[in-house]
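Trainee: Before I set up any calculations, could you walk me through this chain, from its overall make-up to its sheets, helices and cores?

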Amino acid sequence: MKKLSIFAISFLLLMLSFILCCLTEPKCFWRVKNSEDNHGDMRTDCGFFLRTIEGPIDNIYDDIFEFRMPERRYEFFMVMFFATDEINKNPYILPNMSLLFVNIVDLCQDTLGVLDQLYSPENNRWYFVNYVCREDGLCDVDLTGISWKTTLKLTIQSRIPKVFFGPFNTNLNDHDQFPYLHQIGPKETHLSHGMVSLLLNFRWTWIGLVTSDNDQGIQFLSELREEMQRHEICLAFLNVIPETMETYMTKAMIYDKQIMTYSANVVIIYGEMNSTLEVSFRRWEYLGSRRVWITTSQWDVITNKKEFSLDFSHGTITFAHHRGELAKFRNFMQTMNYNKYLVNISESMLGWKYFNCSVSKNINKMDNFAFNNTLEWPALHKYDMALSEEGYNLYNAVYAVAHTYHELLLQQVESQKTTGVKGEFTDCQQVSSVLKTRVFTNPVGELVSMNHRENQCAEYDIFIIWNFPQGLGLKVKIGSYFSCFPRSQQLHLSEDLEWATGGTSVPSSMCSVPCTAGFRKIHQEETADCCFDCVQCPENEVSNETDMEQCVRCPDDQYANLEQTQCLQRAVTFLAYEDPLGFALGSIALSFSGITILVLVTFVKHKDAPIVKANNRILSYILLISLVFCFLCSLLFIGHPNQATCILQQTIFGVFFTVAISTVLSKTITVVMAFKLTTPERRMRGMLTLGAPNFVIPLCTLIQLVLCGIWLVKFPPFIDRDIQSEHGKTVIICNKGSVIVFHVVLGYLGFLALGSFSVAFLARNLPDRFNEAKFLTFSMLVFCSVWITFLPVYHSTRGKIMEVVEVFSILASSAGLLGCIFVPKCYIILVSPDSNLVQKYKDKLLH
């Protein structure tokens, strides 16, 4: 009861798949296996020979040839019945003749091992039970299949023409060695390209490959590898399965471990059934390997599963040569005369594999069913059997032989050499030669050529196979591949593909997760190209596709967005008056310039005041004027830079600050020399009288002008664009041209400031009421502190901030000179005028 319940569930699920299949894809099949067949799909071989008899025949199979049907080869016998019957009814092929087939009985019954016992090359003789050895000298064409090894053994030392209807095999394609052997199955041309196209469609780049260790397997491996390398698909593992069981068993554990441990979810299988490769596949089924298997049509394996589980695989994808639909075959099966063919159709269904899904349309209700055999339910309904690829090859082979006999009969008539019985041929070489060149169109409209060419177009139907418990399964066509179409149109797949796991999401098979946009691949050492790490693109570089090897750097006028997936246009910026910072600095510069001008007006107005006269009012005027220009030169750093402003910025700054500092130096020298006037040394008085301190200003300024001239001639400043300091913006700045010359100019100013500071510091305690040495000392201390702090801050910033720091240093140092030197004097002049009287000061001294 439990077994029946499990089966009922699986059957209902299968029927649901039928309904979906019929709605989306007309070509799908039930795959059914007799539950009592414990041998799986281990295939036996089968063979027939064809001959012609003059005139129509009835019940010829009952009266002339005795044969019996093996259980699992009903399909081939049905094809032979159908094809010969169709040909015999066709008045345009073999007119007035009948085509008959005879079973090579034990060849259809026994496996290759039995054949080895029946045939021994050492005794140099043939012996097959019920096999006609052509003792009558006739050259009737043999049809053999589906194992190429069996056909090869039958071909050795035989001059009988043979047509192999199994899958095309390169081992049988040597016409020099086997001149009487021909193959009807199409070549596997472009198979590797079709499989790679499928892999690319599903983005499967990390796959396993299992092939047989023979010439055909090695050739396929070579072709597939070439295609995979061209499209950057990697092999996770490669298993070349030895053909001998003894060698295979020594490595079986290694093969099992690779299948079970490697991360590749997709495995391509290429080889033959009834081989060690099939043994491996059965082992992996037992171990529960869950993979997507990609293979050829002969690997349409029905697994003998008992439990309701879909864990064995996501499904098997097979490539089968496209073939037409034999609609008449369906009608033949449903209306055939069992008395004529001595065939029980219910028994034949036990050995059949495929039933068209259209049978589900005849189902009226699904309740009240109970049966013990898998095929009981389909047998109760109107059936629609479908041919396998080998069955279709056999159908074409029968027609190829019929067309050959037809051509030979025409040659007999034309040559008027009718020796012997009509339709009997004794020249095997002639039969083989005519058979080799046959090209015809079969009844379903497909061109069939016995002369295989390498450059012929290949058309494949792509199926997905699902295995269910109790020998049930579903085979659905999901697409096609046609090699003669343009590359972009060669592969066509169904959009609503459903996998065996019950979902529509495509299983993944990649060594590494794809690198999304904004990242690039870094390949790991000593690993396949498909194995890599993903790292974010470097600064200002982008990648807008997945799995990019290199990021693309954005142009200078663009920048990378935060995700680094695209380049955006940069905004142009500079230290503008519209910016709050630029507005503030400009306002401060103008304010201090105005204050300095007011101080200058005050000094001019009170030019006769003792404190003004005592501190050399001319030098004070020069210092105040230079400070006005020092404040105003900071405005050159604000606003859109141009070549003129870039040149004026540094020269005006350097020259006017030199004038200011040299003026302070002249003042300190004047103070010292004035004090020395009280000494008896007349030389010092003479120097002061001649105005020697006044030469300090032009001399120091001339030196600075020379330095600035060299700067402008050799390394002139220029407009530059900074794309590094602010994200997403291009900062327009003035490049100083030479950082070294800029530091030389600053160093010269520092040298003058240090000299002024030293002289003023020495004269700070001289006994003079109006001695300004202390104020000069403080002003130079502030000046040096500002510019010493400026250097590290300036070099640690970029873009607009560099200009802001320089402007701030100019304003701060200028304000320091103004405040330390002139604020105390203005206080005395404006607030405490009494202390400005010399006479009052002298009176105090007298008392």
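The exchange below goes from the whole chain to its parts.

Mentor: Please keep in mind that this is a predicted model, in which local features need pLDDT of at least 70 and side-chain atom pairs count only at pLDDT 80 or more, while totals for chains, interfaces and linings use all residues. Residues are numbered from 1 along each chain as its sequence is written, and side-chain values use heavy atoms, with hydrogens and water left out.

Trainee: How many helices and strands does the chain have, and what percentage of its residues count as buried?

Mentor: Helices (H or I, at least four residues) and strands (E, at least two) are taken as DSSP runs numbered from the N terminus, and on that basis the chain has 26 helices and 26 strands. Buried means under 20% relative accessible area, with exposed over 50% and partly exposed in between, for a 1.4 Å probe and protein chains only. Of the 847 residues, the buried part comes to 52%.

Trainee: What is the order of the strands in the open sheet of five, and which are its edge strands?

Mentor: Two strands pair if DSSP finds at least two bridges between them, and the pairing in this sheet is mixed, with the order β3-β2-β4-β5-β6. Within it, β2 (residues 46-54) and β4 (residues 141-145) pair in the antiparallel sense over five bridges, and Phe49 has Asp142 in β4 as its bridge partner. The strands that pair on one side only, and so form the edges by this pairing rule, are β3 (97-103) and β6 (181-183).

Trainee: Which helix lies across β2, β3 and β4, and at about what angle to β3 does it run?

Mentor: Axes are lines fitted to C-alpha atoms, for helices over the stretch in contact, and angles run from 0 to 180 degrees between N-to-C directions. The helix is α3 (residues 74-88), and its angle to β3 is about 170°.

Trainee: Which elements do the buried residues of α10 pack against?

Mentor: Helix α10 (residues 276-287) has 12 residues and reaches 16 Å from its first C-alpha to its last, close to the 16 Å expected at 1.5 Å a residue, where the expected span is 1.5 Å times one less than the number of residues. Its buried residues include Phe281 and Trp284, and contact here means heavy atoms within 4.5 Å. The elements they pack against are β7 (206-212), β8 (234-241), α9 (245-261), β9 (266-270) and β10 (291-296).

Trainee: Which element gives the largest share of the largest nonpolar core?

Mentor: A nonpolar core is a set of buried Ala, Val, Leu, Ile, Met, Phe, Trp, Tyr and Cys residues joined through side-chain atoms within 4.5 Å. Of the 57 residues in the largest one, Phe603, Phe653, Phe657, Phe783, Trp787 and Phe822 touch the most other members. The largest share, 12 residues, comes from α25.

Trainee: With which residues is Phe783 in contact, and how many residues does the other core have?

Mentor: Leaving aside neighbours within four places in sequence, Phe783 is in contact with Phe657, Ile661, Leu749, Ala753, Ser813 and Leu817. Apart from the largest core lies another, with Met78, Leu326, Leu394 and Val398 among its members, and its size is 54 residues.

Trainee: What is the bridge partner of Ile719 in β26?

Mentor: An open sheet of three strands has the order β24-β26-β25, with mixed pairing. In this sheet β25 and β26 (residues 729-735) pair in the antiparallel sense over five bridges. The partner of Ile719 in β26 is Cys734.
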